[in-house]
Amino acid sequence: MGKIIGRIAATEKNPTTIDDFFFWTSKDMILNPFDVIKVNHINESITYGVVEEISHITDTASYLTSFISNDFGDVNIQPNTQRIGMNYVRAKVVGNTKNIYIPVRDGEPVSLATAQEIRQALGLDNIKNPLVCGYLEMYESSSDEKVSLPIHLNSQFLIGPEGAHMNISGISGLAAKTSYTMFLLKAIQYKYLNMEIEDNVAFVLLNVKGKDLLAIDESNDELSKIDKECYLNLGLDDEPFKHVKYFYPYADNIHTNTYADKNLIEHQTNLDKAYWYKYIFEYDKENLDLLFSNIDDPAQTMESIINYIISEQGNFGNIRNWDQFLAEIDKHCQAGSSKDKEITVASWRKFKRIVRKALNNHIFALRASEQDRETRLQDSIKSIKKNEIFVIDIAKLDEGMQSFIFGDVMRAVYDLKLGQFDGIPEEDIPSRIIIFIDELNKYASNDIPKNSPILRQIIDITERGRSLGIILFSAEQFKSAIHDRVKGNCATHAYGRTNAIEISKNDYRFIPPVYKNMMTRLKQGEYIIQNPIFRSLLNIKFPKPLYKQFK
Amino acid sequence: MLNKILSFVETETSGKSYKTHKYCFDGIEMPHLVYDDQPNLTLKQYGESEKITSPRHLYNKSKQIEKFSQPLFKYFLDGSRRTYKVDDMAYDNRVYPIIAGQIGVGCCERDKRKNLKSKLIEHQLVMAVPENASKDNKKKLFFNNLVTKINEQNFIKTRGLNFSKILDYADIKLQIGEKYENLGIAKIQDEMIEQEKRIVSSLVYKNLLNEDSYLLKDGSLEYKTMKTGDFKDLSIIKSNYKCVVGVSKSFNPEKCIDARGHSNAQKIAELKLYHRTPAFMWESKVSRGTEGNVKFSIWYLRIRDAKYTSSPFEGIIKVEKILISEQEQKYGLKTEEIDTISANLINERNPVCYGKDNRWANHLYPVYLTEVFIKSKYLSNEYFLNLF
């Protein structure tokens, strides 16, 4: 029996139930939400509970009593006797060693649990295919009993085939969404590189902010010794990512399309890691619809035009490059030119406005030259190998272009996994490909037009990707803004620091009020995790990133 | 049917049980004023070393104590009892009530962090039956045997209960207005007082009471001399009370008469905040024992402003202390000691139990807590009554 900290109190108004119980404890006993405690139960079993709420009460009948107790409002009174007071704690039942779930009995002692008992309580012992997802700390305030233990989840419930996809939410900066995703990806890559596992995995990451992910294979010089030790304690190494390739949007001038500086790219080029990606009309015209993903098209006129072009109607079959393509569109925009009555000139003009702006970007080019390390993204993704990480930089592109590229990447991965590309032996295709995209709200929010090809693609991946081996790791500030079918299909959810408005939304209805409020106070590097194999939400921590951080 | 206590008693005492309605006396009592102190209090002489004639203001002294020293009172004692009528039993064609009771006496200690902790607690279950329930003269032996037999009953054993005593009340011819019930209740009350005295004695025995750690007892210290019990004569055990102060929440102001036979009530009512009356000496008639009358110093102290209370006597407590040395018995308590005790009592005024107890203005919080603690140990009325 660990240190006894209180006893169960079952009252008329607050009985103990199958789901929860109350116990009293000293007002000086520091406990935190998510702490595990244990209670003796019948047949010498032990019931485990997780602290949900802590209240302090005294015998003060009313505020008036308190006022009177200070000589009717004298703020300097120091009474001889402390008012009788104690804390009472509401805890949720998470398990019983003998599967006995009748309510715990009044007066039973409540005590702190050991590390092994905490594992048992939270269902963290005997986890198959363990993959570290952080560590938890308990009883932090009491130095003797403090417990710190790594948390593992069953990787089959994170990256399939049992459960797949992860969604991370939290406000920018404070939640460290990217850092947490990268921590998980590090754990996954480490596991697949160092352990004998039947299947294999590759990663495609989209860099959407500054230079965030543009040096993930370089080590973080500012990482403290403690953080490095933390990685080792979690069963990982303290090295940055391996087998990384970077794909930058092509431009005449480096700075036009990327935040990366010349030295960085040169350095990566020398190490044979950096590539420039381009879009070539002949191969990529079929992706034109992706440029329209955020545009309302109720009459489906834009879709008609795209179909018109892809099916090479009119003169579109004879076109080789983007300039010719624009010229051809120009023709359709002239008054009285419309031979096809279905599509009006006005529609062609709208189409032109949208397309012209996008096609001005240098990534729409005549051809990609291999000698100059230029490539088409689709071609590169086709050749992705197991354990490889592709970082695709889209940070400096405008929103429309970002959608276009993300859509293209998803299509390429999808086609690869469906075996749509000829000439690639099946054994060369990684059995799982994890795509990480930040700011998911840009592509899959509730406001996105229902016919958006990207939204459809994302829904498809979240609904079918588990069996295909396409796993989506997504992040956004506000989970409530994300399309229900997308978040509903994520097996794992990570909640970082968020704000009060967000937690008042429906998505957080099932979360106890204290945890909700905790979400508004979470520190950087702290997450609340939900996964099918955990018996309750877990409050976990993770160390600072291993890879180079740009300021 | 379960062999409950009453049917067992019925057989053992060869009486006849009427299985009347069982109830708790405390719940059905008509509201009436109960005073903690003895009636007809006549204050005879000055009870302190200095001859003071007007109330003394003690706020500054109380502040000084608060600032420079530890509180004087470290232990707090209270006793309470709950009585029940559980049956009517016939012996020799007369019908007598059977009274049962729960007695709780507890002492709490205040630690350095100002928290109250339990020091000693005694919780007893007792019954009071007429003395002629024992048909022979050896009634003490009979009732001792009876209680042992009751405790051996499975019904009691399995519940982990234990009756400590069967008290016998006198089988006398009742005067007008007198009831056997009251005789039984009085017996239980006496038993409670006996326990209180026992606890004081045990604190003294353990050397816990001294000049720096006093015991504050709820209610009067004026114990009447009893016929039986280990502590029946207060005059013999009075030295136990050297560091004990009794504080009564309620007292009958009309009965406070000074040496000239005039009522003191107005003077007490008009006491200003944090003032005390001069102390009077009082010789108790009821606690007269083998070593003569026990003498007390008695004074009144206002701890709450009259403007906040509903009657002028609320907020005033009656303080008493037994005079022990010959010096004290002759000249009264030292004025310095009375002031110190009073100032410390003023410092006990906060917090209050307003909203929980109507007597909040007269209650001292640690005493109130001790009372709550004792009552929390009681078996619930339903549970207790169903034992019979």
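## Exercises on a predicted two-chain model

B:Tyr59, B:Lys61, B:Ser62, B:Ile65 and B:Glu66, all from helix 3 of chain B, meet B:Asp339, B:Ala343, B:Asn344, B:Ile346 and B:Asn347 of helix 10 in that chain. Keep in mind that the model is predicted. Let us start with this pair of helices.

**Exercise 1.** Work out how helix 3 and helix 10 of chain B are oriented to one another, and describe the residue classes in their contact.

*Solution.*
- Step 1: locate the helices. Helix 3 of chain B covers residues 59-68, and helix 10 of chain B covers residues 335-347.
- Step 2: take the geometry. Their axes lie 8 Å apart and the packing angle is about 75°.
- Step 3: classify the angle. Values from 65 to 115 degrees count as roughly perpendicular, so helix 3 of chain B is roughly perpendicular to helix 10 of chain B.
- Step 4: sort the contact residues. The contact of helix 3 with helix 10 of chain B has 4 nonpolar, 3 polar and 3 charged residues.

**Exercise 2.** Decide whether helix 11 of chain B is mostly covered or mostly open, and find the strands its buried residues pack against.

*Solution.*
- Step 1: check the length. Helix 11 of chain B runs over residues 365-376, 12 residues in total, and reaches 16 Å from first to last C-alpha, close to the 16 Å expected.
- Step 2: count burial. In helix 11 of chain B, 9 of the 12 residues are buried, and the helix is mostly covered.
- Step 3: name some of them. The buried residues of helix 11 of chain B include B:Tyr365, B:Val367, B:Leu369, B:Phe373 and B:Ile374; B:Glu371 is also one of the buried residues.
- Step 4: find the partners. The buried residues of this helix pack against strand 5 (73-91), strand 6 (94-110), strand 7 (116-130) and strand 9 (214-218) of chain B.

**Exercise 3.** Is chain B as compact as a globular protein of its length, or less so?

*Solution.*
- Step 1: list the elements. Chain B has 12 helices and 14 strands.
- Step 2: compare the radii. The radius of gyration of chain B is 22 Å, close to the 21 Å from the globule rule for 388 residues, so chain B is as compact as a globular protein of that length.
- Step 3: add the extents. The C-alpha trace of chain B spans about 65 × 45 × 40 Å along its principal axes.
- Step 4: look inside. Of the 388 residues in chain B, 44% are buried.
- Step 5: look at contact range. Among contacts in chain B between residues at least 6 apart, 75% join residues at least 24 apart in sequence.

**Exercise 4.** Profile chain A, then describe its contact with chain B.

*Solution.*
- Step 1: list the elements. Chain A holds 17 helices and 20 strands.
- Step 2: give the extents. Its C-alpha trace spans about 95 × 50 × 45 Å along the principal axes.
- Step 3: give the burial. Buried residues are 44% of the 551 in chain A.
- Step 4: turn to the interface. Here 18 residues of chain A contact 18 residues of chain B. The chain A side divides into 7 nonpolar, 8 polar and 3 charged residues.

**Exercise 5.** Classify A:Gln524 and B:Ser14 as buried, partly exposed or exposed.

*Solution.*
- Step 1: place A:Gln524. This residue sits in the loop between helix 17 (513-519) and strand 19 (526-530) of chain A.
- Step 2: count its neighbours. A:Gln524 is partly exposed because it has 15 C-beta neighbours inside 10 Å.
- Step 3: find its contacts. Leaving out residues up to four places away in sequence, A:Gln524 touches A:Leu174 and A:Ala176.
- Step 4: repeat for B:Ser14. B:Ser14 lies in the loop between helix 1 (5-12) and strand 1 (16-17) of chain B. It counts as exposed because it has 9 C-beta neighbours inside 10 Å.

Definitions and conventions. Residues numbered from 1 in each chain as written. Chains lettered and ligands numbered in written order. Predicted model: local features only at pLDDT ≥ 70, side-chain atom pairs only at ≥ 80, totals over all residues. Helix = DSSP H or I, 4+ residues; strand = E, 2+ residues; numbered from the N terminus. Buried ≥ 20, exposed ≤ 12 C-beta atoms within 10 Å, placed from the backbone. Contact = placed C-beta atoms within 7 Å. Rg over C-alpha atoms; globule rule 2.2 N^0.38 Å. Axes fitted to C-alpha atoms, helices over the stretch in contact; angles between N-to-C directions. Parallel < 35°, antiparallel > 145°, perpendicular 65-115°, else oblique. Nonpolar A, V, L, I, M, F, W, Y, C, P; charged D, E, K, R; others polar. Expected span 1.5 Å × (residues − 1).
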